[in-house]
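Please examine the sequence and the structure shown below before reading on. The paragraphs after them are intended to be read with the model open.

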Amino acid sequence: MFRFLLLLMLFSLNSAYAAIDTYEFKDADKQARFHDLVADLRCPKCQNQNLADSNAAIAQDLRQKIYEMLDAERSNSEIIDYMVARYGDFVLYEPRFNSQNAILWLGPFVLLIAGLLVVIFLVRQRSKKNTSEDSSMALDAQQQKSLQKVLNKDKK
Amino acid sequence: MIPELGEFALILALGFSVILAIVPLYGAASLKTLWMEYAKPLAKAQFTFMLISFICLGYAFAQDDFSVQYVANHSNSQLPMQFKISAVWGGHEGSLLLWALILSGWTLAVSLFSKGLPLDMLARVLGVMGIIATGFISFLLWTSSPFLRYLPRYPTDGADLNPLLQDFGLIVHPPLLYMGYVGFSVAFAFAIAALLSGRLDAAWARWSRPWTNIAWAFLGAGITLGSWWAYYELGWGGWWFWDPVENASLMPWLVGTALMHSLAVTEKRGVFKSWTLLLAIFAFSLSLLGTFLVRSGVLTSVHAFASDPERGFFILVLLVLTIGGSLTLYAFKAPNVKSESSFGWLSREMLLLVNNVFLVVMAVTVLLGTLYPLLIDALGAGKISVGPPYFNALFVPIMGLMVICLGLSTAARWRDTSIENVKQQLMLPAMASLAIGVIFPFIYGDGFNIRVFIGMSLSLWIITTVAQEFKGKFRTSSSVVGKLKQLSPSYYGMMLAHIGVAVTAIGITLVSIYSEERDMRLAPGEVIELADYQFKFLGTKPVKGANYVADQATIEISLDGEKVVSLHPEKRRYNVKRSMMTEAAIDPGLFRDLYVALGEPLADGAWAVRVHYKPYVRWLWLGGLLMALGGILTVFDRRYRKNAKQQGVAHA
Amino acid sequence: MPRLLLFIPLALFGVLILFLWKGLSIDPRELPSALIDKPFPAFKVEALLQPERQLTTADLIGKPILVNVWATWCPSCRQEHNQLLRIAQENKIAIIGLNYKDNRQAATQWLTELGNPYQFNIYDESGMLGLDLGVYGAPETYLLDAQGIVRFRHVGVVTEQTWQELQAIMQSWGANKNV
């Protein structure tokens, strides 16, 4: 369902069809860079589309500009800086790594490490129990009983 | 008259859901059997009136009743009948009505298929679902009624359904997805019931598992279908855009995956109870959060759809009440029991726990990326975007780690496994998958490719370890057929789902690396070469559809001079909305798709044309379907029917 | 201690809700201009009505002005035109037009028919000045101070309310002589 809400919004911009350009590139490298750039830069006018997929007038202009800059032997970072100077960080689908975005880029890794540490802590705690199993088992005799029943059934 | 009847049925359904939210829960708290027994008939009554309400709206669409605002805005007399029906869920109000109908359907299903469930448990579960239904039906009636009229003067014809929605995929996609989202409400209700009653045993996990698995399967099938639809309908050849609306469906799916595995451990070994409860709450909470994100307009992807801030506020209140309430209950009543049983470093428990960590971190990554622009904006620090480069950079490596863990877990047993055992079982799969991973890019592509190597090795690692484990099942058995019959449906389901992960991973790897694409100006008679295929453009001709006119191109594709197929992409203009749409033409195949889309007409009968060569793209969705099928299969396990009954009796 | 850990999800959810609540009052489509507090980009472009006249950045400096980006293909521009005429009549600030990716003949006719609120119009036929300015769709309206520094941007139709907002900003300059 959610996807077609997206469509309603696409439709409202009248850009719900593929944007197809017919640029001729000097070499394959430029063509590949063009594809990467228009895929990773966001169309400022559209709701959530990259330059490649959008048919909005501004997206066409920006593609044209990128094509011209590539033709003029400008580097990717020059092109990106050019866009950011005019439209702000909003156009970057790959947010810059800076203090403002530190949580965004590092958060998942911190969480992953924290999660794995918790697992290690848990397993250490539980594998120790092997030696003093009886006392921990006694905690919940009723549950053990029903659990045992389940296990027995599965073995059958 | 009929729309008023629909509105009235909706009001009655609200009445029943309010009673359902109060009476059985009160009965369970005060041990009044009679009160608890009201749960089942109330669930039936609620469903009946939701269904009547839904049929009334469907009838209004079928009859072209444009005095109903919602019908006038989403249909047209020219629209083919099947799309008039699917237009019922083509906008905010009707889709919400479908949401509530499916919720009451799940409530009914729980009341019907719960013969072994103790009465107090059933009363609590249905009561909790009644609370959720109360929230959503109120939302419908107060802010989003689909039955409002244009009176006294109404339009003679409707504004038409968005042409992009006039498609088979979009008839089936929303109901499937909703079955998944809303299905997690059952696991959620079981978790809340467990917290309320304090009973959290293996039986509880056993009751929750089939509901969780089936909701997860629906959600997965819905996501898969959505991805496939975007691929053939949007004309960009993409299959996943990391758009907030897609992320909203991926997050509950990831957490639901974690929940399924954690429930398995809780059932078999009685551990991770608090964690399992939390996941059950999270899975449904993320479904609700997705609803908020999509309908409130806080994220760019959806803003044009929800112009009404009142709606956003209403859902936010619902979110606070349901999620906030359940997390508060969790904080006070979640079991704080120390471990009941022990497990070692190479136990299946530990590997499933690690898998849970990966899945949850993946879900959090998606959540963080989706909400980060909002957080930054709310702090007044400007507008930023988070898009595919971010998600791919973080999501893919974590997924790789998870896949390694998946293979390991096939060799591990409950409690503990010896290292020698694991080594012995996994050495061969490891060597085989690494070897094929190295060789594959040489044979298929034009030389070594590290990304293909990693992707293929990981996918093969799943397949080989699953196969190895399956083979191990026959070591002690003399009769192969006998053993095949003896293995449970849930075992086959698990295998199928894991193979599905591998198939999807192969698809993702190969289509992202070996895809080729060209945009060209083509005059009639001109040819493009792509991936050894020749695409010859033969010109366009006008065609006329039911409610559109189109330019239809003919493109003849040949391989080494031999004709493969003729494709007919179209550029359509829909009569009512006057909107243009590209209808891509695809020659599908198990190992490659050829994909052609028309752009703009240029001078002299030439057109801008885009052609794609998409290797193994079908594997993406094939894997998704295998996973869903696996999820469904587990439900047919005999023990869910027989043992649940005995367990129930034992506790009653 | 472990008991307290169980409150973590609730606390995180509380924080999330605060942000979502704040989010309801933010328009995610409203992009701030990247040129705020930066000089108007340098240009050398023909005037719309006098093609022989070359306009440059120097023409924008001296006193605060509004630069209104418009085009005949833009329906919202027609919608805001009367408001612009009213602002011009009030004579509190000069309005400069930036005719964006338009056709000279159509634009000239538009001004004859609907009235001309602009002191002069920059004829940005290629849209390259618009690109340098970070225009992403007409109509847009920029407020420049006397030094030609961009101080404010409004995207969309200029209404009476927008005009009040703009006046409030200009008054705050009066109070603060540094600008």
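The following account moves from the domains of one chain to its interior, its strands and its contact with a second chain.

The structure is a predicted model. Chain B is divided into three parts: domain 1 covers residues 1-166, domain 2 covers 171-335 together with 349-363, and domain 3 covers 518-618. Between the centres of domain 2 and domain 3 of chain B, taken over C-alpha atoms, there are 39 Å. The contact between these two domains draws 4 residues from domain 2 of chain B and 8 residues from domain 3 of chain B. On the side of domain 2 that touches domain 3, 2 residues are nonpolar and 2 are polar, while no charged residues take part.

The interior may be considered next. In soluble globular proteins, nonpolar side chains tend to be buried together. The largest nonpolar core of this model holds 271 residues, and the members that touch the most others are Ala100(B), Ala187(B), Phe190(B) and Val255(B). Ala187(B) illustrates the surroundings of such a residue. When residues up to four places away in sequence are not counted, Ala187(B) touches Ser208(B), Trp211(B), Thr212(B) and Ala215(B), as well as Leu259(B), Ala280(B), Ala283(B) and Phe284(B). A second core, separate from the largest one, comprises 19 residues, including Leu567(B), Ala584(B), Val611(B) and Tyr613(B).

Helix α11 of chain B spans residues 273-296. Of its 24 residues, 23 are buried, so α11(B) is largely enclosed by the rest of the structure. Its length can be checked against a simple expectation: at 1.5 Å a residue, the helix should span 34 Å, and its end C-alpha atoms are indeed 34 Å apart, which agrees. After α11(B) comes Gly297(B), whose phi is positive, near 85°.

The strands of chain B can be followed in order of sequence, beginning with β3 and β4. Strand β3 (residues 533-544) and strand β4 (residues 548-559) of chain B run antiparallel and are paired over 10 bridges. They form a hairpin that has 3 residues between its strands, and within the pairing Thr540(B) stands opposite Ala553(B) in β4(B). β4(B) also pairs with strand β5 (residues 562-567) of chain B in the antiparallel sense, here over 5 bridges. In this second hairpin 2 residues lie between the strands, and Asp560(B) in the turn has a positive phi of about 55°. Glu556(B) stands opposite Ser566(B) in β5(B).

β4(B) has a further antiparallel pairing with β6(B), over 5 bridges. Two of the facing pairs can be located directly: Val549(B) stands opposite Arg573(B) in β6(B), and Asp551(B) stands opposite Lys571(B) in β6(B). Strand β6 comprises residues 570-574 of chain B, and 4 of its 5 residues are buried, so β6(B) is largely enclosed by the rest of the structure. β6(B) is in turn joined by 4 bridges to strand β7 (residues 580-583) of chain B, and the two run antiparallel. Arg572(B) has Met581(B) in β7(B) as its bridge partner. The hairpin formed by β6(B) and β7(B) has 5 residues between its strands, with Arg578(B) in the turn showing a positive phi of about 55°. In a regular strand the side chains alternate between the two faces of the sheet.

A loop position offers another view of chain B. Ala523(B) lies in the loop between β1 (516-522) and β2 (527-530) of chain B. Ala523(B) is partly exposed, because 13 other C-beta atoms lie within 10 Å. Leaving aside neighbours within four places in sequence, Ala523(B) is in contact with Asp604(B), Gly605(B) and Ala606(B). Ala523(B) and Lys536(B) are 13 residues apart in sequence, and their C-alpha atoms are 9.6 Å apart in space.

Finally, chain B also meets chain C. The contact takes 27 residues from chain B and 19 residues from chain C. On the side of chain C that touches chain B, α1 (2-5) and α2 (8-24) of chain C each supply at least two residues. α2(C) gives the most to that side, with 10 residues. By class, the same side of chain C has 15 nonpolar, 1 polar and 3 charged residues.

Technical notes. Residues are numbered from 1 along each chain as its sequence is written. Chains are lettered from A and ligands numbered from 1 in the order in which they are written. This is a predicted model: local features need pLDDT of at least 70, side-chain atom pairs count only at pLDDT 80 or more; totals for chains, interfaces and linings use all residues. Two residues are in contact if their C-beta atoms, placed from the backbone, lie within 7 Å. Ala, Val, Leu, Ile, Met, Phe, Trp, Tyr, Cys and Pro count as nonpolar, Asp, Glu, Lys and Arg as charged, and the others, Gly among them, as polar. The expected span of a helix is 1.5 Å times one less than its number of residues. A residue is buried if 20 or more other C-beta atoms lie within 10 Å of its own, exposed if 12 or fewer, and partly exposed in between; C-beta atoms are placed from the backbone. Domain bounds come from an automatic or database domain assignment. A nonpolar core is a set of buried Ala, Val, Leu, Ile, Met, Phe, Trp, Tyr and Cys residues joined through C-beta atoms within 7 Å. Two strands pair if DSSP finds at least two bridges between them.
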